[in-house]
Amino acid sequence: MTRRALLKSAVVAGATPAALWLGQSGAQASATYDVAVCEQYHNQIQIYSSSAAWSTPKWMWSPGGGGWSNLSDVKFRNTASFGEVALVAASGGNVGMVNKAASGTQGTGSLLWEATPGSNPHAIERIPNIGAIVTASSGGYLHVYGPTAVSDPSTLALVQTINYAGAHGLWWDDIHSRLWAIGQNRATSYAVSGTYRSTRLVSGVDVSIGSHLGHSLDASYSNSSILLASHSSAVVAINKTTHAVSTVHANSSVKSFSQHTSGESFWVQATGSTYHGDTRNWVNPHVQFFDAGGAKSFTRGLSYGAEFYKARLHSVNFH
C-alpha cells in the first residue's frame, strides 16, 4: 500500500498505524521546498529551503516582544491588493497580517492589520474572497474579524466570538468552502455566511478526536481529500467529506505536521529547550523531516540554537 493510500484509508483495528506509515526507508529527501518556522528563541518567522543547511533565512519577520512574544502560528496567503501576505499569531496576545513584500522586516512597520484577541492566540486563517480573518485562542475562543473593504485589511473589526474549548488550530478547506477549527476533544467544520461585517461562522459540524487536546491543522498537499491534524497523543488524518479519522503517527506532543506534494513531510515535536535558561517544554531545537515512505530522514536546526514551535510548508494554497 502506498503512503497516499494509507492516509486515505481508516486504520485497521489492532494495527500499529505509526509503524505502517513510517516504513523502513532511510532515503534522503528528493524534493526541494521552502519551510516557514515560528522560532521562539529570537521570536522570528523564518523561511528556509528544505534542501540546504539552515543559516541565513530566505525571508524573516521579527516583531519584537510584548504582545508579539512567543510567535505561535504563520500562514501565507495571496491577496489581490498586496500579493502574498503572512498571517501571524503570538501567544503574547497579538495577531496580524504582514505585508511580505515590505522592505522592513524588523518590528511591526510592515503590518497591514493587527488585533489583540488575547487568551493565548495559537492560530490564524483568512477566508478568501471576503477577506475575513479568524483567530483561535487556547483560552477557549474563536474570533471572527470582518472588513468593510476586502482590499483594505485596516478595516477589519471583531464581528463574532465563539466559545471553543482549547482552540488551537484553524484551516480553510477551499474545496468545500468550510473553515476548520480544532481544540479540546474535537475538530469542527464551519460554513461561512455573509460578507464584510456580516460575516459569521455557522452550522458547525463536530468530529471527535477522542479525549485529546487538538493542536494543529494543515493541508496534505499530496492528498486534497484530507486535513492533517495533531493532538496530544497522535498525528491524524481527517477526511474532509466523510469525517473519518485515521492515525498517521502514534506519537505525542507533535505541535505541527506538514506534507509536501512529493509525499515528504516534517514535524515539530515538543521535547523542550533550555536556551532561555529555563525548561520550555513546548518547543524543539530541530525540525524532523520524513521521506515519502514515512521514515525519518534528516533534521534541520540553527547553529546558534533554536526553539521551533511550528513548521509549515511555505505555500499560499489552502488545498
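This report covers the overall make-up of a predicted model, then one of its sheets and one of its loops.

## Overall make-up

The protein chain holds two helices and 23 strands. Of its 319 residues, 56% are buried. The accessible surface is about 11,700 Å². Carbon and sulfur atoms supply 48% of that surface.

Contacts in the chain reach across the sequence. Among those with a separation of 6 or more, 52% join residues 24 or more positions apart.

## The sheet of strands 19 to 22

Four strands make up an open sheet. Their order is 19-20-21-22, with antiparallel pairing. Strand 19 (254-259) and strand 22 are the edge strands. Each has a single partner strand, so one side of each lacks a neighbour in the sheet. From one strand to the next, the twist averages 20 degrees.

Strand 20 (residues 265-269) pairs with strand 21 over three bridges, in the antiparallel sense. Trp267 has Gln288 of strand 21 as its bridge partner.

## The hairpin of strands 21 and 22

Strand 21 (residues 287-290) and strand 22 (residues 296-300) run antiparallel. Four bridges join them. Phe290 has its bridge partner in strand 22, namely Lys296.

Five residues lie between the two strands of this hairpin. Gly294 takes a positive phi there, near 95 degrees.

## The loop between strands 2 and 3

Strand 2 (44-49) and strand 3 (59-61) are linked by a loop that includes Ala53. Ser50 also has its place in the loop between strand 2 and strand 3.

Is Ser50 buried or exposed? Ser50 has a relative accessible area of 1%. Buried means under 20%, so Ser50 is buried. Beyond its neighbours within four places in sequence, Ser50 contacts Ala31, Thr32, Tyr33 and Val35. Phe289, Phe298 and Arg300 are also in contact with Ser50. Phe289 falls within strand 21, residues 287-290. Phe298 and Arg300 fall within strand 22, residues 296-300.

Ala53 has a relative accessibility of 66%. The cut-off for exposed is over 50%, so Ala53 counts as exposed. Which residue 249 places away along the chain has its C-alpha atom 8.3 Å from that of Ala53? The residue is Leu302.

## Loop and sheet together

The loop between strands 2 and 3 holds a buried residue, Ser50, and an exposed one, Ala53. Ser50 is in contact with Phe298 and Arg300, and strand 22 spans residues 296-300. Strand 22 is also an edge of the four-stranded sheet.

Conventions:
Residues numbered from 1 in each chain as written. Predicted model: local features only at pLDDT ≥ 70, side-chain atom pairs only at ≥ 80, totals over all residues. Heavy atoms only, no water. Buried < 20%, exposed > 50% of the residue type's maximum accessible area, 1.4 Å probe, protein only. Pairing = 2+ DSSP bridges. Contact = heavy atoms within 4.5 Å. Axes fitted to C-alpha atoms, helices over the stretch in contact; angles between N-to-C directions. Areas by Shrake-Rupley, 256 points an atom, 1.4 Å probe, with all protein chains shown as cover.
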